[in-house]
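User: Could you take a close look at a single part of this model, the sheet together with what packs against it, and walk me through it in one connected account?

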Amino acid sequence: MRLKDKVAIITGATKGIGLACAQEFAGEGAKVVLVGRTDSLGEAAAQEIRVAGGKALFVHCDVSQKTEVDALVKATVDHFGQIDVVVNNAGVNHSANFFDTTEEDWDWVISVDLKGTFLVSQAAARVMVDQGRGGAIVNVSSVMAQLALADQIPYCAAKGGVNQLTKAMGLALIKHGIRVNAVAPGPVMTELMERVVHSPEKHAVLMDRLPIGYIASCQEIARVILYMASDDAAYFVGQTVYPDGGRSIQGFPRHMEK
């Protein structure tokens, strides 16, 4: 088991990629702390892992609030005694015309996606340093960190920031044996994506821009995150890997190449 007896904090773990991470990590022997803001979903997910024989705790936390992040880290140490891995998966998005994007929209996305990644990482890394045996932090970015969409201004900016934060944190923490890397998925079959591809027209447009020809499952991305959190990725420092099915290297829609 690649994460046997390691304690992993996973934010945004009540559904989607975060939930898949919690399940995959638990299957590899980790004690998982599921973090989210929907208590009913979080408690149910943690209980499901425990019933399957794993060890899991749900902690309610808004990662954009330092007091709540500090409470999350304390609750983790109080319950499991240590912190070895952090997966910064919590994220939000907002789509709007550039001129219709408000300051509140900007602040909301940046505070969760970028500031939250910083706050959780900093608080958890302090514990890792005190423990003296290193650790791993994996930030969940997006292919939109290097591509862009005109109606997702705050999200693109936040994820671009996550990539740069990953590099800077990687340099700052490697001397303590803490590896920081990022995973930047392309299209993933989350609840939001299910609604998007319900339209045959939108599905066709997406497939025209996705060389691999299918949308990744949450479990598929979670396994990449698991790899980056494990000792198998020991030589990765400050890197962003792109499990995106070729989305980021496709210069033109597929039909234009025929």
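Analyst: What follows moves from the sheet to one of its inner strands, then to the helices and finally to a loop residue. The model is a predicted one, and the account should be read with that in mind.

The sheet is open and is built from 7 strands in the order 3-2-1-4-5-6-7, with parallel pairing. Its edges are strand 3 (55-60) and strand 7 (240-241), each of which pairs on one side only.

Strand 2 (residues 31-36) runs parallel to strand 3, to which 6 bridges join it, and it also pairs with strand 1 in the parallel sense, over 5 bridges. Lys31 takes part in both pairings, since its bridge partner in strand 3 is Lys55, while Lys31 is in turn the bridge partner, in strand 2, of Val7. Buried means under 20% relative accessible area, and 6 of the 6 residues of strand 2 are buried, so this strand is largely enclosed by the rest of the structure. Lys31, Val33 and Val35 point one way from strand 2, whereas Val32, Leu34 and Gly36 point the other way, and the residues of both sets are buried.

Turning to the helices, helix 4 (residues 103-131) packs on the sheet, where it touches strand 1, strand 4, strand 5 (135-140) and strand 6 (178-183), and its direction makes about 180 degrees with that of strand 4. Helix 4 also packs with helix 5 (residues 153-173), at an angle of about 15 degrees and with the axes 8 Å apart. Angles under 35 degrees count as roughly parallel, and helix 4 and helix 5 are therefore roughly parallel to each other. The crossing of helix 4 past helix 5 is right-handed. Among the residues making this contact are Trp106, Val109, Ile110 and Phe118 of helix 4 and Tyr155, Val162, Leu165 and Met169 of helix 5; by class, the contact has 15 nonpolar, 3 polar and 3 charged residues.

Last comes Gln82, which lies in the loop between helix 3 (66-80) and strand 4. Gln82 counts as buried because its relative accessibility is 19%. Leaving aside residues up to four places away in sequence, Gln82 touches Asp5, Lys6, Val7, Thr76, Val77, Gln131 and Arg133. Val7, one of these, is the residue whose bridge partner in strand 2 is Lys31, which leads from the loop back to the sheet. Gly116, by contrast, is 34 residues from Gln82 in sequence and 21 Å from it in space, C-alpha to C-alpha.

Key
Residues numbered from 1 in each chain as written. Predicted model: local features only at pLDDT ≥ 70, side-chain atom pairs only at ≥ 80, totals over all residues. Heavy atoms only, no water. Pairing = 2+ DSSP bridges. Helix = DSSP H or I, 4+ residues; strand = E, 2+ residues; numbered from the N terminus. Contact = heavy atoms within 4.5 Å. Axes fitted to C-alpha atoms, helices over the stretch in contact; angles between N-to-C directions. Parallel < 35°, antiparallel > 145°, perpendicular 65-115°, else oblique. Left-handed = near helix turned anticlockwise from the far one by under 90°. Nonpolar A, V, L, I, M, F, W, Y, C, P; charged D, E, K, R; others polar. Buried < 20%, exposed > 50% of the residue type's maximum accessible area, 1.4 Å probe, protein only.
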